[in-house]
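Hi,

Here's the structure I said I'd pass on. Have a scroll through it first, then read my notes underneath.

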Amino acid sequence: MNLRLDALVTEKIVSARFGDAGAADIGGYEASGGYRAIRKIFGQTGPKDVIEIVKASGLRGRGGAGFPCGLKWSFVPDMDGPKYLAVNADEGEPGTFKDRELMLRDPHQLIEGILIACYAVGIEKAYIFIRGEFDAPARSVNKALAEAYEAGYIGENILGSGFSCDIYTHMGAGAYICGEETGLLESLEGKRGHPRLKPPFPAIVGLYGRPTVVNNVETLSNLSHIIERGADWYAGIGIDEKNTGTRMYCVSGHVEKPGLYELPLGLTLEEIVDGHCGGMRGGKALKAVIPGGASAPVLTTKEIREDKIRMDFDALARAGSMGGSGGVIVMDETTCMVQAAQRLALFYEEESCGQCSVCREGTGWVAGIFSRLENGRGVPDDLGTLESIDVNMRGNTICVLSDACAMMFGAFVKKFRSEFEAHIEGGRCPLGSPYPA
Amino acid sequence: MPDAEITFTLNRRKLKARKDESVLGAALRAGVHIPHFCYHKNLSVVGQCRACLVEIVDLGNGNGLPKLQPSCAMKAGEGMVVESANARVKEAQETVFEFLLKNHPLDCPVCDQGGECPLQDQTMAFGKAISRTHELRRLYPEKEISPYIKPQMNRCVHCTRCVRFSGEIDGGGEFGWAGRGDRTEVGIFQDLPLTSIVSGNVIDICPVGALTDNKYRFTARVWEMKDVEGPCTHCSVGCSQRVWNRENEIMRVTAGENVEVNDTWICDVARWGWSGAGSKERIDGPMIREGGELRSAGWDEALSLVASRLDGIRSESGGTALAGLGGARSTNEAAYQFGALFRSVLGTNNIDCRVHPRDTAQTEAQREGLGAAGGFGSLTGLAEARAILLVGSDPFEEHPILALQVRKAHRAGASIVSLHPRRIDLRILGRMHHLNPLPCEEARALTALARTLLDAGAAPRGDGAGDYQKALAGADTDALCRESGINAGGLAAAAGALRPEEGGVAVVVGPGIGDEAAAAEAVNIALMLGAEILFASGAPNLQGALDMGLHPGFLPGGGDAASDAARQAVAGVWGREAPASSCLGTDAILEAAAGGEIRGLYLFGCDPLAEHPNGDLARRALDRAEFVVVHASHRSAGREFADVVLPAPTLYEEEGTVTNMERRVQRLRRSVKPDGPEVREASRVIAELARLMERPLKAQGAAAIQAEVRLLAEDYAPAFGRMPEGGARLGRVPVGACRAVEHALVSAPVDGLQLILAPTIWLSGALIASAHHLSGKPGAALRLSPTDAGRLGVAEGMEVGVELGGETIHLPARVDESLPVGVAQAPEALPGALLNRGGAVIRVSPAEKETVGA
């Protein structure tokens with residue numbers, strides 16, 4: 001493997017304007033170089049060429065799956081009739097809070113990214129699906145949209161280029177599953193947020209049955225910079241050519257300085273925790289880290305301190321976890337892993353949409369078992385049962401919520417088995433149970 | 001099978017699949033069972049239950065798929081290799097069943113679904129016999145949703161078949177689901193009672209005991225019963241149904257399957273209407289009037305009396321002094337014998353199965369325009385039509401499964417045009433055009449439509465097409481619109497939706513059409529559009545009875561009674577003369593009876609008092625006639641004028657054939673024997689009368705009758721002998737001739753409300769009226785527009801007095817936005833037949849409140 005350690009430069013890209021309170025206004029955004037990217041390409045660069053630029057930048061989706069952005073766009077068929085962009089701003093993955101800040105602090109950067117994506121794919125209507133709880137970010141985006149319409153950056157014949165595009169916001173109603181791209185499309189159409197059977201994929205049959213691109217807020221926020229500074233510049237950041245650019249890491253939990261960190265892809269988790277986040281809170285020992293939002297399998301101290309696991313898409317995948325949404329949840333030695341798993345299991349039980357038998361019943365079953373375990377009413381068979389449910393919940397459902405739940409609890413049971421056994425043998429949680437069964 | 005058939009391999013066996021067919025669908029057709037719950041062949045595919053997971057070893061391109069795939073959502077492809085029973089798939093299936101049973105109560109011993117439960121059966125076949133749960137099972141609050149359906153949602157496996165049925169097929173969308181995850185709850189909106197007329201289908205499709213038949217509940221186990229599949233005979237659609245009996249008692253009815261008629265759906269009247277067969281309103285033995293009172297009598301006595309009186313009148317006054325009415329609610333075989341009795345034994349053509357004048361008007365229009373009784377459309381053609389014109393038809397009220405076929409066409413992209421005084425509700429959005437003429441002005445509205453279609457390029461057909469075209473070209477569309485009260489813009493849009501140049505149109509004429517001009521103009525339009533035309537008439541076997549010759553002018557097989565050649569042909573088969581004289585239809589028969597010229601009346605399964613809109617005429621006719629025979633299964637008003645009452649079996653108890661509105665002949669098999677030994681097969685009773693008159697009918701027994709029918713009505717040949725499953729549809733060459741219609745005078749503006757009558761399926765007929773299981777249906781009401789209600793000071797549910805011709809009856813009021821201003825609607829065949837005058841002007845006023853108590 002060819003690691004580019006020298007490419008791990010600490011350069012802020014999407015959060016560069018976070019310190020500038022005026023950047024959320026159109027004047028401040030333009031003053032700091034905003035809306036230059038669309039001027040550069042609209043009417044100058046062909047849409048296909050824009051896709052090539054994005055492909056060459058190596059930009060991968062920042063929502064969870066890490067799918068190459070340009071490649072996703074190129075799946076959209078070249079056909080007449082409407083196509084849509086759905087912006088996934090339903091940031092619901094526990095431990096994740098980057099899109100919230102990107103919308104709140106730099107909404108025009110998102111809008112410019114949307115315009116670039118729409119231009120590249122030939123889309124004239126974009127919908128921003130914003131998590132229902134995101135009141136302030138939604139107000140920020142709506143204000144920015146009004147300003148951008150006023151300034152002629154959105155609407156008919158933008159900047160005289162002949163390209164027209166409208167952007168709308170839509171507030172979600174509080175379901176995690178609407179962050180799943182086809183659940184999001186159903187919800188946008190006014191239905192229950194039920195993920196759709198795939199194929200067909202949204203690129204072919206998406207919103208209102210039309211070809212649709214679904215992109216995450218952070219992904220789109222990168223686009224203006226890639227256009228302005230070039231694919232080579234972007235591709236030059238990051239640990240290797242498949243993990244380029246920066247990520248917004250949302251660090252929460254037992255570190256001295258939790259917060260949002262934009263860092264190049266491929267730093268080690270240890271560097272992030274000990275370096276950027278100031279080390280463990282109160283000098284306590286590290287026990288575990290969830291590296292990419294609740295669904296990313298938990299990592300142990302050994303994996304972090306001895307194996308020096310890196311926080312890029314592929315290194316995490318090789319370690320059996322995933323980069324996910326960038327939510328880094330750090331747990332120290334005082335954390336009960338059964339309790340942590342129980343809390344997350346309750347989340348999946350709550351958020352399963354309920355359509356697939358496997359997920360509907362599986363998430364509830366798992367939550368029930370963890371609640372019993374944590375409350376001292378576990379039985380020796382439970383761990384074996386959990387291990388088999390872990391297998392049975394994978395790969396057999398319409399969407400991956402079931403897999404996500406299984407990945408989560410499977411890792412907890414496998415990597416911290418002794419804590420589970422202690423709960424069963426001792427008949428209680430050594431640390432006490434805050435969530436009664 | 002179409003040429004677009006593909007071959008794939010399932011479990012190392014080669015199978016054929018239709019184009020776009022799923023692996024699961026093809027497997028089930030081939031008899032390979034892949035477990036499934038949410039999949040239903042007549043509903044959309046959702047892939048939710050995950051029980052039908054299979055391994056795609058090869059997509060047909062050398063590559064397999066890494067994940068197991070739901071075979072319901074996986075289209076079978078050429079060369080595809082699929083495993084549904086290997087170790088990997090079996091393990092996945094076992095896990096799905098474990099999840100499904102996680103919260104399912106194992107209360108099979110007290111669950112009605114036990115023994116016919118897909119969850120039970122498939123768990124035995126595909127599940128594991130262990131339970132690993134230590135958690136409590138899910139409990140939902142107990143709820144009531146309908147008098148018919150018992151919800152036990154703790155048993156629900158969330159397959160959502162009921163949700164999809166009500167959203168896609170029924171269209172009312174009354175079922176839905178609330179909550180998320182394992183708290184997801186299937187139910188109906190705010191637990192209001194279900195209103196759908198086809199609600200019971202959710203019982204059939206529920207794969208567990210979550211939605212069961214409340215009327216059948218705890219009465220029998222499936223293995224104790226036998227089921228008899230055959231056509232339903234409550235209306236003229238002829239849906240396939242399964243009648244389940246135990247020890248000669250009907251326990252329940254479920255839907256049968258006939259892809260050309262009803263797919264797998266039946267209406268609630270079919271599902272629970274059978275309860276009238278066991279009602280105390282049944283006529284359980286022969287009766288004779290003596291000293292003004294009816295008394296029980298033996299068959300010999302009663303039949304001898306009927307034979308001697310009818311034969312006596314014949315020898316005194318000739319056959320023209322006798323008449324027979326009815327037969328449209330009997331088997332073809334009984335109808336044929338009834339006709340033969342009157343024509344060949346009693347020597348009269350005074351015989352008519354069309355008791356209601358609208359049936360007469362429609363048949364005469366058919367006879368004139370199409371040269372035969374009946375249309376030449378099919379229900380399949382309707383479901384596949386590109387555009388449908390509904391004329392005087394409100395299918396959900398009159399023929400619920402016809403409504404589902406119209407909806408099916410609409411789902412496939414068809415446009416619907418409805419011409420009806422009311423804005424009928426098919427629960428569809430888009431591609432629906434309403435033309436709302438004033439009551440009794442349908443003919444003018446249709447002429448306006450015909451003229452618009454002519455301008456759009458539709459060509460009149462048949463002899464006299466030129467005259468018709470000339471007459472039509474002279475029609476003033478604007479004046480017709482104005483006089484009939486339809487909107488000219490709406491007319492243009494409706495004509496545009498019918499697009500004459502593209503074909504693929506189906507026309508349905510419903511019971512809302514009462515005058516011959518309107519029916520004739522509907523025929524003209526169908527001919528101009530090259531459309532299929534269906535006559536959705538009220539009586540279940542009207543078409544069959546007409547084909548069997550229960551029409552004063554038609555002999556069996558449709559021969560003209562006035563034609564010597566046709567009469568000779570019939571005489572050759574009967575071995576006896578067919579009469580040339582006197583051809584009176586129902587109205588003329590009633591007039592003649594009221595005037596004393598007709599002395600003997602035989603009412604076979606009909607009651608003019610209840611069915612004829614001129615109840616006063618019917619009463620005078622029955623009163624004046626010297627000798628009245630009532631041969632029926634249930635008591636009704638006409639019985640008070642009967643001199644002899646003969647019990648008849650219901651069609652649950654008869655063998656024979658019936659013919660539906662599309663001329664599909666289906667075999668009726670006896671589900672149960674009639675209750676009591678005194679009820680005899682109707683055709684045998686009629687034959688016995690002929691024997692007692694010493695002029696026996698030549699054909700004795702069903703086989704002999706059918707052999708005679710084949711000689712006279714050649715097109716019935718495929719219907720007898722080895723009949724195809726699902727019945728034999730007797731095709732008819734779509735020929736006919738357009739002819740100009742004459743419009744009645746434009747009626748003056750009315751002072752009061754104009755009444756339209758709604759022939760609702762569940763209020764029609766003595767059998768349904770006495771069906772105690774149907775008690776939960778909404779009662780009779782007067783519907784009127786919000787504007788009229790406001791003007792008259794009438795509120796929803798308020799009792800109103802309805803005055804017509806000096807008589808007043810009281811009904812609860814319903815405020816209904818589908819009614820135009822100035823029009824009110826009441827159900828047809830209400831007690832008090834004076835109301836049965838469509839188009840009549842009524843006066844409505846809030847009933848005076850009686851003060852209760854001191």
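Below is what I found, going from chain A as a whole to a few odd spots in the backbone, and then to chain B. One thing to keep in mind throughout: this is a predicted model.

Let's begin with chain A. It has 19 helices and nine strands. Its radius of gyration is 22 Å, close to the 22 Å that the globule rule gives for 437 residues, so chain A is as compact as a globular protein of that length. If you draw a box around its C-alpha atoms along the principal axes, you get roughly 75 × 45 × 40 Å. Of the 437 residues, 57% count as buried. The contacts also reach a long way along the sequence: take those between residues at least 6 apart, and 73% of them join residues at least 24 apart.

Now zoom in on one helix, α12 of chain A, which covers residues 269-276. Which of its residues are buried? They are A:Leu269, A:Ile272 and A:Val273. Look down the helix axis and you'll see these buried residues fall within an arc of 90 degrees, so they line one face of the helix. The general idea is worth remembering: an α-helix has 3.6 residues a turn, so residues three or four places apart point the same way. And what do the buried residues of α12(A) pack against? Quite a list, all in chain A: the strands β5 (246-253), β6 (259-264), β7 (286-290), β8 (299-300) and β9 (327-332), plus the helix α13 (301-306). After α12(A) comes A:Gly278, which has a positive phi, near 75 degrees.

Next, the backbone oddities. As background, most residues other than glycine have a negative phi, and most peptide bonds are trans.

Chain A has two cis bonds back to back for you to look at. The peptide bond from A:Lys198 to A:Pro199 is cis, with omega near -5 degrees, and the one from A:Pro199 to A:Pro200 is cis too, with omega near 0 degrees. Where do these prolines sit? A:Pro199 is in the loop between α8 (181-188) and β4 (212-216) of chain A, and A:Pro200 is in the loop between α8 and β4 as well.

In chain B, look for positive phi values. B:Arg50 has a phi near 70 degrees, positive although the residue is not a glycine. You'll find B:Arg50 in the loop between α1 (23-29) and β3 (53-58) of chain B. Is B:Arg50 buried or exposed? Being buried takes 20 or more C-beta neighbours within 10 Å, and B:Arg50 has 29 inside 10 Å, so it counts as buried. B:Cys440 also has a positive phi, near 70 degrees, and belongs to the loop between β19 (432-435) and α13 (442-455) of chain B. With 19 C-beta neighbours inside 10 Å, B:Cys440 counts as partly exposed.

Chain B has a nice barrel, too. Six strands close up in the order β28-β32-β29-β31-β30-β33, with mixed pairing, and the twist averages 45 degrees from one strand to the next. Within the barrel, β30 (residues 799-804) and β33 (residues 841-846) run antiparallel and are joined by four bridges. B:Val802 stands opposite B:Val844 in β33(B).

Last, where the chains meet. The contact takes 25 residues from chain B and 27 from chain A. On the chain B side, helix α2 (residues 87-102) gives the largest share, six residues. That side has nine nonpolar, nine polar and seven charged residues.

Cheers

Key. Residues numbered from 1 in each chain as written. Chains lettered and ligands numbered in written order. Predicted model: local features only at pLDDT ≥ 70, side-chain atom pairs only at ≥ 80, totals over all residues. Contact = placed C-beta atoms within 7 Å. Helix = DSSP H or I, 4+ residues; strand = E, 2+ residues; numbered from the N terminus. Nonpolar A, V, L, I, M, F, W, Y, C, P; charged D, E, K, R; others polar. Buried ≥ 20, exposed ≤ 12 C-beta atoms within 10 Å, placed from the backbone. Arc of directions from axis to C-beta. Rg over C-alpha atoms; globule rule 2.2 N^0.38 Å. Pairing = 2+ DSSP bridges. Axes fitted to C-alpha atoms, helices over the stretch in contact; angles between N-to-C directions.
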